[in-house]
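Thank you all for coming. I would like to spend a few minutes on one structure, which you will see on the screen in a moment.

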Amino acid sequence: MKDKGIVINVAGAGLSGMSASIELAKKGLHVRLISLQVSERAQSNLAEGGINAALDNMGEDDSPLLHYEDTLKAGLYLADPDMVKGMTDAAPELVMELTKMGMPFHRQDGRIVQRAFGGQRKMRTLYAGSITGKALTQTLINETRKYEAMGLIKRYSNHKVLKPVIRDNKILGLQVRDIYTDDEFILTGPVIVCTGGMNGFFPGLTTGTTANTGSFDAALFASGVEFSNLEFIQYHPTTVSGPGKRLLVTEAARGEGGRLFCYVNQDKHYFMEEKFGDKGNLMPRDVISKTISLLGEQAYLDMTHLPAEKWDYKLSELREEIMHYLNIDIAQEPVCVSPGIHFFMGGIRVDRYHRASKKYLYAAGECACAYHGANRLGGNSLLGAVYGGRIAADTLADDITKINEVDFKAQMTPSSYKEISADEAGANEKISEILINSMRILRNEEILSDGLKSLSDICPNEKVPESELSERVLFAKAVIKSALERKESRGAHVRTDYPDMEEGFGKPSVAAIKDKDVDISFQ
């Protein structure tokens, strides 16, 4: 395919970024793969549990249709059904392609094993011990290197993406900074955003890396790019306190038989089983997180009854991690757990082909609002990242045949951009404090309204901002205002003042800049 001399910019070098880059390179297109850190340190490495595909290797009559139905149900029917069906139908072939690339899924007698995961009727989650994300990332790194050697993919590691370059409502490139030399320059070309979730807005409360600062999300939003479903923040029910973040106790622990309980008058109560029956420990994440929040007691995860072979072959890395950080052998004693922020269902608003609201802009992975609706199924994030990256690449490759290359030929020089200074660090920390307090599992109008007022005190919104700090304030307002305007409880979004799900809110929220302020609508 002829690329008209246009080089495509992929921002983010995790699974979705590498997946998009590989797909573009396969078509003979040239790609810049731009990231603050190398792929080996991307958020994707931290995923533990697995990736979903209805292979039916466990003989349970699983099918892509059932996977589709489970995904829509878990997301409270807020995701685009056509997008979800495309992903679940493609999943079996996709994971088999990954095995051909060298992905070491767990096998028994030569057959890929699938495990149970929350919210799913069948065992359909493929895994590599409890380091599935790390193994999958390395698999795609190796595949990416093939195209780097061919000169089709060029890496720009250790580069911070500052802002989009916009002209005539078109994204014409990216302004980036080399973090070693401090040189700033423009990389022209269409853009696929694969920058992950906005963990940096929630330090200390998230299982994800805060190297995913969310600042580029904020820059895109301030530039007029639409976002969707920002109110839906998934709390993983089983996390433990670690150094500066939350450590994930993978859902695989419950998939392999781990049981949640609390003490009442010194007696163990297996509260999820008491409330939801035998499969209570594998309810969707939003259900378990809400139940724990309402307990009024400390929750524990009991895995002491699991047989030795499960620790040896399926959960060994999890056991080692908890021992390393907490000095607790979870095979011998229960561990205290509590919900921690794990995934952002909302993000850049994209259509079913992963086009964003501005021309020449695309998005995939956790930064895009695509497949998960109001709550994500475990095992669907890795699938959505790899599949979504491919779809974005396929769409751009088709669009590039119609692109006017003149748009990208004009000389462009970096514009002034003020990053957060040492003097502003305290204000940035205040933004995080406000968000952490406002976007808790159980919210109400008073909490959210107070958060909005506190943000306005940091940086009054007198004009569309042009600094990193004021952009972060504006984006934080969009997050809180989205939660304030959704006057219902649905999936991961729980309003104690509006406890029921309302039919009138059965559609995505859309956050946009209107008249120099944040506007929320439901479309």
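**Domain 1 against domain 3**

Let me begin with a single pair of residues: K160 forms a salt bridge with E468, and the closest N and O atoms of the two are 3.3 Å apart. Please keep in mind throughout that what we are looking at is a predicted model.

To place that pair, we need the division of the chain, which consists of domain 1, made up of residues 7–196 together with 345–406, of domain 2, covering 236–342, and of domain 3, covering 423–523. How many salt bridges are there between domain 1 and domain 3? The count is 1. For polar contacts, with both residues at pLDDT 80 or more, the count between these two domains is 4 residue pairs. On the side of domain 1 that touches domain 3, the residues divide into 4 nonpolar, 1 polar and 2 charged.

Turning to the extent of this interface, 12 residues of domain 3 are in contact with 7 residues of domain 1, while the C-alpha centres of the two domains lie 27 Å apart. The size of an interface is often given as the accessible area lost when the parts come together. For domain 1 and domain 3, that buried area is about 710 Å², with 60% of it on carbon and sulfur atoms. Which three residues supply more than any others of the area that domain 1 buries against domain 3? They are L76, L78 and R349, and together they supply 65% of it.

**Three individual positions**

I would now like to move to some single residues, starting with D286, which has its place in helix α8, residues 285–293. With a relative accessible area of 8%, D286 counts as buried, because the cut-off for that word is under 20%. Not counting residues up to four places away in sequence, D286 touches N375, G491 and A492.

N45, by contrast, is found in a loop, the one between β2 (31–35) and β3 (51–52). Is N45 buried or exposed? Its relative accessible area is 16%, and N45 is therefore buried. Leaving aside neighbours within four places in sequence, the contacts of N45 are S39, E40, G133, K134 and T137.

Finally, A308 lies in helix α9, which spans residues 308–313, and with a relative accessible area of 49% A308 is partly exposed. The C-alpha atom of A308 is separated by 36 Å from that of S19, a residue 289 places away along the chain.

Key
Residues numbered from 1 in each chain as written. Predicted model: local features only at pLDDT ≥ 70, side-chain atom pairs only at ≥ 80, totals over all residues. Heavy atoms only, no water. Domains from an automatic or database assignment. Contact = heavy atoms within 4.5 Å. Buried area = accessible area lost by both parts, 1.4 Å probe. Salt bridge = Lys/Arg side-chain N within 4 Å of Asp/Glu carboxyl O. Polar contact = N/O pair within 3.5 Å; in protein donor to acceptor, adjacent residues only side chain to side chain. Nonpolar A, V, L, I, M, F, W, Y, C, P; charged D, E, K, R; others polar. Helix = DSSP H or I, 4+ residues; strand = E, 2+ residues; numbered from the N terminus. Buried < 20%, exposed > 50% of the residue type's maximum accessible area, 1.4 Å probe, protein only.
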